[in-house]
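Work through these exercises with the sequence and the structure side by side. Try each task before you read its solution.

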Amino acid sequence: MSYETFGIHLRHLQTNGLLGNTKKGYFLKEKAYFLQRHKILEFNRPNRIFLDPVESEEVEKRLKMLFIVSYFGLQRSFYPLQSKEEFEEFLARYNLHENDLRVFEEYDIETKGSLKHIKNFFPVSGIFEIQIVEETADKISYGYYLPGFGVADLVKALDRRTMEFYYVDFERSDLQEEIDMLLAQRLLEEVGGLINKKRYRFPEPLQLVLGKCKNLNDDILSVMLGIFECHRGPNEAEKKWLEFFYGNIEDTLQEFRHSRKYKKGKKKKSIHDIKQSMISVHGNFENLIDSLNSSANTKYRTFVHVLLEYIYPAFMRKSFSSGVLYYGL
């Protein structure tokens, strides 16, 4: 390798935050170690190209496992009980009685013309909370909450097939491996469960930040779909971005192509709305970056920055920050 080529590689690694240098020489930064530990270290980081086809499929798969755990790893999960008998069996299993339960929260919710009266009961042994919902006089729903999440909860979330990454083909062991890597870096912690099944949760400050990342993803998607529905189809990088989160979206893009034929009269107004939305999204992104500098979040900074490289890739950031729309508008 020539000195010139070697110098180009060094500069590229520095630009992508993988390499630092001092008067004594170069050193690998924390970001490089994080990516290597999670098996998602790639030379062409998304600052340069989004999901380089040259990179291995294993890198992309491991990256998606990281996103799935980050997006759907909730602080607690709800498990419905299908009948009064099943509820009573559940209580008996843990030597509990309904009359012994103490209410710590009770409220009414009006939904679609019917009133739900909800009672949450004190956590039992710090492991689970019980909920009873009296929807009507002759219909009562039961369930319980467990802290954190397990692998089964992640699979259940993806099985709804209405969220990001539902299309990904993986084994449960893939998710468990990702969880173990996050545990090793103290980004996840193990919490108690039932029947000796392990459960996990993100520290509360990190859980809040991950929620903001998910909201940012949703907001960006809304802006991009507005552009594709009213003005033009996606370019190559945008299509890769959509496919990374949502799989094959060709049917949706076909619907948008038909839709654009009938929305030309509304184009001027929608351009203004889209510009404002782009600026708003970028403002939320900057606030999220600022929040990573707080003392509670600095130890999570590298982790979140890696997620944001894919949630809000470099090719979008410049246009969103100024409200400048992409080509063809």
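**Exercise 1. Find the hairpin and follow strand 6 to its partners.**

Step 1. Strand 5 and strand 6 form a hairpin, with three residues between them. In the turn, Ser 125 has a positive phi of about 55°. Strands here are DSSP runs (E, at least two residues) and helices are DSSP runs too (H or I, at least four), numbered from the N terminus.

Before going on, note the ground rules. This is a predicted model, in which local features need pLDDT of at least 70 and side-chain atom pairs count only at pLDDT 80 or more, while totals for chains, interfaces and linings use all residues. Residues are numbered from 1 along each chain as its sequence is written, and side-chain values use heavy atoms, with hydrogens and water left out.

Step 2. Strand 5 (residues 114-124) pairs with strand 6 in the antiparallel sense over six bridges. Two strands pair if DSSP finds at least two bridges between them. His 117 has Glu 134 in strand 6 as its bridge partner.

Step 3. Turn to the pairing of strand 6 (residues 128-136) with strand 7. It is antiparallel, over seven bridges. Val 133 has Ser 141 in strand 7 as its bridge partner. Thr 136 stands opposite Lys 139 in strand 7.

Step 4. Check burial. Seven of the nine residues of strand 6 are buried. Buried means under 20% relative accessible area, exposed over 50%, and partly exposed in between (1.4 Å probe, protein chains only).

**Exercise 2. Write down the strand order of the open sheet and say which strands stand at its edges.**

Step 1. The sheet has five strands in the order 3-7-6-5-4, with antiparallel pairing.

Step 2. Strand 3 and strand 4 (103-111) are at the edges; each has a single partner strand, so one side of each lacks a neighbour in the sheet. From one strand to the next, the twist averages 25°.

Step 3. Strand 3 (residues 76-81) pairs with strand 7 (residues 139-147) over six bridges. Phe 78 stands opposite Tyr 145 in strand 7.

Step 4. Sort the faces of strand 3. In a regular strand the side chains alternate between the two faces of the sheet. Ser 77, Tyr 79 and Leu 81 make the covered face, and Arg 76, Phe 78 and Pro 80 the uncovered one.

**Exercise 3. Describe how helix 2 and helix 11 meet.**

Step 1. The axes of helix 2 (residues 30-37) and helix 11 (residues 301-311) come within 10 Å and cross at roughly 75°. Axes are lines fitted to C-alpha atoms, for helices over the stretch in contact; angles run from 0 to 180 degrees between N-to-C directions.

Step 2. The two helices are therefore roughly perpendicular (65 to 115 degrees; under 35 is roughly parallel, over 145 roughly antiparallel, the rest oblique).

Step 3. Helix 2 brings Glu 30, Lys 31, Phe 34 and Leu 35 to the contact, and helix 11 brings Thr 302, Phe 303, Val 306 and Glu 309. Contact means heavy atoms within 4.5 Å.

**Exercise 4. Is Leu 187 buried or exposed?**

Step 1. Leu 187 lies in the loop between helix 6 and strand 8 (189-191).

Step 2. Its relative accessible area is 5%, so Leu 187 is buried.

Step 3. Beyond neighbours within four places in sequence, the contacts of Leu 187 include Phe 34, Leu 206 and Phe 303. Leu 187 and Phe 303 are 116 residues apart in sequence but 8.7 Å apart in space, C-alpha to C-alpha.
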